[in-house]
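This report concerns aromatic rings and their surroundings. The sequence and structure are shown below.

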Amino acid sequence: MSLTDYLSPSDIAAALRDCQAPDSFSPKKFFQISGMSKKSSSQIKEIFRILDNDQSGFIEEDELKYFLQRFECGARVLTTSETKTFLAAADHDGDGKIGAEEFQEMVQS
């Protein structure tokens, strides 16, 4: 499975264009533009599995840094402040990583 099985390439491209500049990434806006926020809970969980690069069941801070590159190889790396903000917004239990439920909640809120 790949992200384009769930999201259209044109929506992914638009979402990436929106956050090209450093420190311009907003997870909620990215989820909306990419069409992810319109997906079902089960589809979001499948997207999470694709984004969980090491298949640990969590997206850790070091994986978040490369979040945009999971959508397109040439995309930029998130800045340290973007990564920390993204993690803080989704990590509700304070364990320093984002689980599938936390990710789903963030995407759908």
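## Burial of Phe 30 and Phe 67

In this predicted model, Phe 30 has a relative accessible area of 2% and is therefore buried, the cut-off for burial being under 20%. Phe 67 likewise counts as buried, at 2% relative accessibility.

## Pairing with Phe 67

Across the whole structure, a search finds 11 aromatic pairs. One of them joins Phe 30 and Phe 67, whose ring centres are 5.7 Å apart. Because the planes of these two rings stand at 70 degrees, the pair is edge-to-face; the angle required for that class is over 60 degrees. The contact links distant parts of the chain: Phe 30 belongs to helix H2 (residues 27-34), whereas Phe 67 lies in the loop between helix H4 (61-64) and helix H5 (80-90). The two residues are 37 residues apart.

Phe 67 also forms an edge-to-face aromatic pair with Phe 31, with 6.5 Å from centre to centre and 75 degrees between the planes. Here, too, distant parts of the chain are linked, since Phe 31 is in helix H2 and Phe 67 in the loop between H4 and H5, 36 residues apart. Phe 31 and Phe 67 are both buried.

## The aromatic cluster

Phe 30, Phe 31 and Phe 67 are among the members of one aromatic cluster. That cluster also includes Phe 25, Phe 48, Phe 71, Phe 86 and Phe 103.

## A charge over a ring

A contact of another kind involves Lys 97 and Phe 58. The charged end of Lys 97 sits over the ring of Phe 58, at 4.2 Å from the ring centre.

Key. Residues numbered from 1 in each chain as written. Predicted model: local features only at pLDDT ≥ 70, side-chain atom pairs only at ≥ 80, totals over all residues. Heavy atoms only, no water. Phe/Tyr/Trp six-rings, centres within 6.5 Å; stacked < 30°, edge-to-face > 60°. Helix = DSSP H or I, 4+ residues; strand = E, 2+ residues; numbered from the N terminus. Buried < 20%, exposed > 50% of the residue type's maximum accessible area, 1.4 Å probe, protein only. Lys NZ or Arg CZ within 6 Å of the ring centre and 35° of its normal.
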